[in-house]
Amino acid sequence: MTQTAEKTDLAQIGVVGLAVMGSNLARNFARNGNTVAVYNRSPEKTRALISEHGDEGAFIPSETVEDFVASLERPRKAIIMVQAGAATDAVINQLTEAMDEGDIIIDGGNALFTDTIRREKEVAAKGRHFVGAGISGGEEGALNGPSIMPGGPAESWETLGPILESIAAEVDGTPCVTHIGPDGAGHFVKMVHNGIEYADMQVIGEAYQLLRYGAGMEPAEIAEVFREWNAGDLDSYLIEITAEVLAQTDPDTGAPLVDVIVDAAGQKGTGRWTAINGLDLGVPITGIAESVFARALSSATAQRAAAQEGQLPSGTITELNVDKAEFVEDVRRALYAAKLIAYSQGFDEIKAGSDEFGWNVDPRDLATIWRGGCIIRAKFLDRIREAYDNDADLPALILDPYFKGELENLIDPWRRVVVAATQLGLPVPVFASSLSYYDSLRAERLPAALIQGQRDFFGAHTFKRVDREGTFHIEWSGDRSLTEM
Ligand code: NBP
């Protein structure tokens, strides 16, 4: 039975943009008992949604923005799921025009958080509310339960909360959605979530590379290893799907699928933004940044081809002189350690962003709502939640007593794996840079002292002393005396 609502009914929520994400989100709202107004610039998509899925719940289709807005209950709530950028601005303008004071416009696309901050100001100036909401979980999540990270005014959350909770993923009875903070906070944490996702995927890739080309294992055998890993500390969606991908053969040739896929990955979106923002805020998110660079390098096809033609020496160490089972376990631990660093750095970036923009983001909320619906969902997030429950002002996630204890068991295997990879000439940018980050944090003295000396030498940038307050300079080109500035 088609339950498409009578035009006299009003919808609790509307969705603008009915490509894959928007139509799945609209179906999710409808399946969960909400009457959903739907509108797409090209009416064919609206008609297709109603003819293919109109029986899944109550929909009110419209072919103009005005009809769409008129079909919404007050305060009106409309989620935009159109292409990020100019298309989103165009739709925001149309909705702002057609809506009234107090109505809520939600951007559920992957917007850059600074755009969200700008849009919120513009929309608020016209008396409407604007909520930038990060939505994670891809097409499947949009349909069956995403993790949702709404920003915007707390007042909008009062109205929106129940309806977003009705479609979000749930873990242990807790919906994977909560108000993250004002204006761009939601899109900011969604951006960092995606950055962490880049790092998580890269460390899994590095583990695969080591098992494949270090230990000489075949993809199907490695798939089994990942299945086993998924039963332990590494239990996560990404480890689970990695086993699936590695076990898959190519329907055309029967070869392992991973061997017929071109090894060049894109990095245009949110991962790149996370790295750029980390640089802007001065937060060392080395795991995320190296993951973005690893993708860029994979796509540097011409350079890679030139380097592969035997141009660059590989060194002479080619054998791995370790027990295979021990090596596999070492790689598991190195993967766990590098992943831990990536999350720790990601949470550092969120804290820095929250401080910079005054958002007051609670890291416990993120560890809670990322447990379901999103790509980085993992058992591990329960531990992160506990860490921040125990100490909300933890200076770094890895300093939590539980994770410090884990690192005791991870550090030696992690070092052995980085050494083995280095000797064999296998690239492990995140395993290795995370270890350097870790050792840098631990180091009593860093070469930054020398760098400050160099800076003072060539640019009179001055330096601080370890033994007393003040700012100092050496007269490098004169008598080399010390001046207090
Ligand atoms: P697309 O990003 O492919 O955008 C297509 C939609 O935008 C269509 O509905 C299209 O209407 C509409 N549109 C465009 Br293009 N220009 C428009 C304009 N000037 N005015 C009105 N509508 C316009 O859709 P998607 O892949 O479903 O993604 C939607 C959003 O969700 C994006 O921001 C994307 O970044 C984000 N996303 C998130 C995830 C995730 O995991 N969270 C995954 C994928 C995408 P038309 O039919 O008339 O051309």
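This is a short tour of aromatic contacts and one sheet in a predicted model.

**Stop 1: Phe113**

Start with the aromatic rings. Across the whole structure, a search finds 16 aromatic pairs. Select Phe113 and Phe357 to see one of them. Their rings meet edge-to-face, with centres 5.3 Å apart and planes at 75°. Now colour by element of secondary structure. Phe113 belongs to helix α5, residues 113–125. Phe357 belongs to helix α15, residues 324–357. The pair therefore links distant parts of the chain, as 244 residues separate the two.

Switch on the surface. Is Phe113 buried or exposed? Phe113 is buried, at 4% relative accessible area. Phe357 is partly exposed, with a relative accessibility of 32%.

**Stop 2: Trp359**

Keep Phe113 selected and add Trp359. These two rings also make an edge-to-face pair. The centre-to-centre distance is 5.9 Å, and the planes lie 80° apart. Where does Trp359 sit? Look in the loop between α15 and α16, the latter spanning 363–369. This pair, too, links distant parts of the chain: Phe113 in α5 and Trp359 are 246 residues apart. Trp359 counts as buried, because its relative accessibility of 2% falls under the 20% cut-off.

**Stop 3: the aromatic cluster**

Next, select Tyr336, Tyr343, Phe380, Tyr402 and Phe403. Together they form one aromatic cluster. Two of these rings carry a charge over the face, so add the basic residues one at a time.

First show Lys339. Lys339 lies over the face of Phe380, 5.2 Å from the ring centre. Then show Arg383. The charged end of Arg383 sits over the ring of Tyr402, at 4.0 Å from its centre.

**Stop 4: the sheet**

Clear the selection and go to cartoon view. Find the open sheet of seven strands. Reading across, the order is β3-β2-β1-β4-β5-β6-β7, and the pairing is mixed. Which strands stand at the edges? They are β3 (59–62) and β7 (147–150). Each has a single partner strand, so one side of each lacks a neighbour in the sheet. Turn the view to follow the twist, which averages 25° from one strand to the next.

**Stop 5: the β6–β7 edge**

Zoom in on β7 and its pairing with β6, residues 129–136. The two strands run in the antiparallel sense and share four bridges. To place one residue pair, select Ile135. Its bridge partner is Ile148 in β7. The tour ends here.

Conventions:
Residues numbered from 1 in each chain as written. Predicted model: local features only at pLDDT ≥ 70, side-chain atom pairs only at ≥ 80, totals over all residues. Heavy atoms only, no water. Phe/Tyr/Trp six-rings, centres within 6.5 Å; stacked < 30°, edge-to-face > 60°. Buried < 20%, exposed > 50% of the residue type's maximum accessible area, 1.4 Å probe, protein only. Lys NZ or Arg CZ within 6 Å of the ring centre and 35° of its normal. Pairing = 2+ DSSP bridges. Axes fitted to C-alpha atoms, helices over the stretch in contact; angles between N-to-C directions.
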